[in-house]
Amino acid sequence: MRVLIIATPVDTHFLPMLPLVRALTDAGHDVLVAGQPDVTGPAEAAGLATATFGEAFHYQDLRRGRRRKGLRPIEVVGRPPAPQIDGAAQMWRNHAPYFLYDYLELAREWRPDLVLGDHMEFAGPVIAKALGVPSVWHRWGTAPTSTFMLGQTRMWLGPLCERLGLDSVPEPDLTLDPAPPSLASTDAPPARPIRPVPHTGDGTPWTYTAVPGRRVAVALGGYTLDLDGAPLLRRVLDALAAAGGVEAVVSAAPRHRAAIGELPEGMTYTDRTEPGLLFKDADLVVHHGGPGSTLAAAAFGVPQLVLPQLDETFVAGDRVAAAGAGVSLDTAELQNDDAQLADTVHALLTESGFREGALRLRTEVEAMPTPADTVPLLEQLTTRQEVLA
């Protein structure tokens, strides 16, 4: 089986699919990852065959906006309303036509049996339908596109599809969802669960030496720090220091460390960002609500302090809190309140209810079909059909 993989140009949209891609290659199938350098870079690092189109997308540039320097997005616009979060799909709807014809030309030459993409890469189902092969969407977080917004997308991309002889953007033959039941969306179309596998890259898990109950991973994400998040991280570190006896691994690129400052005793900087390396033996994870961080902490059964800044990260925080697996501080006022941060850290490290909620999430994750379990289902989808275009 030959599988063409296409993803919207953000590395964190591609990486949740990587365990399934590896399962496909382990089963002897050929894969080809197509996209902009934001996607093909991580794919090449994983040893996969790639086809690169265009320049890097630089997703973070879209988030800089007209903020006054020194302010995080949440300090400027607050929490976005739910329709605005769902409306993020409009950006990827607008992006879909840019490389669709390039991808289609590649697909006609390579002749895949299946097209796999993330749930906001609308070009994937179009290309698959044009070639007469199945398509699969793989969601990457806890806030997939709603049924309403998918309908809007199909309407707006209708004319493009008509030029290819299609009525509209086809629905994928299968949608996979890595969110465990307690974190999964109820507003999106039904999907088949697939177990999230925390990304590890080529490293080994961080070795903690502190006693259990005092081990913390801090990973606010590169976008948060790029968007003036260093003062927030500093406040988090001071809150951890106030808890006493905490060992923390702090994920931050060297370019941000001067703004963050010297680390308190027992804390160590790392360049690594992979949650599979940093979260495994932690007792608390402090993160920004990104899909990789949220689902990795759930998979490991670790309580979470979520400090959302953008879009669907607020939804992730809501769901973690509702599951009893952590706390989400979802306003600038709460995030900037040193006493609030210190009290929240203390509660998450000492109150057993959060650990119990996190372990319930881990149990849910462990009950989900693995990527290897999913491969036979994809094999069943693939039958050669007449090429339509």
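**Exercise 1. Classify the lining of the largest cavity and list its residues.**

Solution. The lining of the largest cavity divides into four nonpolar, four polar and one charged residue. Here Ala, Val, Leu, Ile, Met, Phe, Trp, Tyr, Cys and Pro count as nonpolar, Asp, Glu, Lys and Arg as charged, and the others, Gly among them, as polar. The lining consists of Trp 140, Gly 141, Thr 142, Ala 143, Gly 289, Gly 290, Pro 291, Glu 312 and Ala 316. A cavity is a set of points on a 1 Å grid over the protein atoms alone where a 1.4 Å probe fits but cannot get out, and lining residues have an atom within 4 Å of a point.

The model is predicted: local features need pLDDT of at least 70, side-chain atom pairs count only at pLDDT 80 or more, and totals for chains, interfaces and linings use all residues. Residues are numbered from 1 along each chain as its sequence is written, and side-chain values use heavy atoms, with hydrogens and water left out.

Next comes the volume. The largest cavity has about 40 Å³, where a volume is the space filled by probe spheres set on the grid points, joined across faces, edges and corners. The search of the whole structure finds one cavity of 30 Å³ or more.

**Exercise 2. Describe the sheet that contains E6, and place Leu 174 in it.**

Solution. Start with the strand order. Seven strands form an open sheet, E3-E2-E1-E4-E5-E6-E7, with parallel pairing. Strands (E, at least two residues) and helices (H or I, at least four) are DSSP runs numbered from the N terminus, and two strands pair if DSSP finds at least two bridges between them. Strand E3 (50-52) and strand E7 (192-193) each have a single partner strand, so one side of each has no neighbour in the sheet.

Now take one pair. Strand E5 (residues 135-138) and E6 are joined in the parallel sense over three bridges, and Val 136 stands opposite Leu 174. Helix H20 (residues 371-381) packs on this sheet and touches strand E4 (114-118), E5, E6 and E7, its direction making about 165° with that of E6. Axes are lines fitted to C-alpha atoms, for helices over the stretch in contact, and angles run from 0 to 180 degrees between N-to-C directions.

Last, look at the residue itself. Leu 174 is in strand E6 (residues 174-177). Leu 174 counts as buried because its relative accessibility is 14%; buried means under 20% relative accessible area, exposed over 50%, partly exposed in between (1.4 Å probe, protein chains only). Not counting residues up to four places away in sequence, Leu 174 touches residues including Val 136, Trp 137 and Leu 378, contact meaning heavy atoms within 4.5 Å.

**Exercise 3. Is Thr 224 buried or exposed, and where is it placed?**

Solution. Thr 224 belongs to helix H11 (residues 222-226). With a relative accessible area of 7%, Thr 224 is buried. Apart from neighbours within four places in sequence, Thr 224 is in contact with Gly 229, His 288 and Gln 309.

**Exercise 4. Is Glu 265 buried or exposed, and where does Glu 265 lie?**

Solution. Glu 265 lies in the loop between helix H13 (254-260) and E10. Glu 265 counts as exposed because its relative accessibility is 79%. The C-alpha atoms of Glu 265 and Leu 24 are 44 Å apart, with their positions 241 residues apart along the chain.

Conventions: On a 1 Å grid over the protein atoms alone, a cavity is a set of points where a 1.4 Å probe fits but cannot get out, and a pocket is an open set with protein on both sides within 12 Å along at least five of seven lines; lining residues have an atom within 4 Å of a point.
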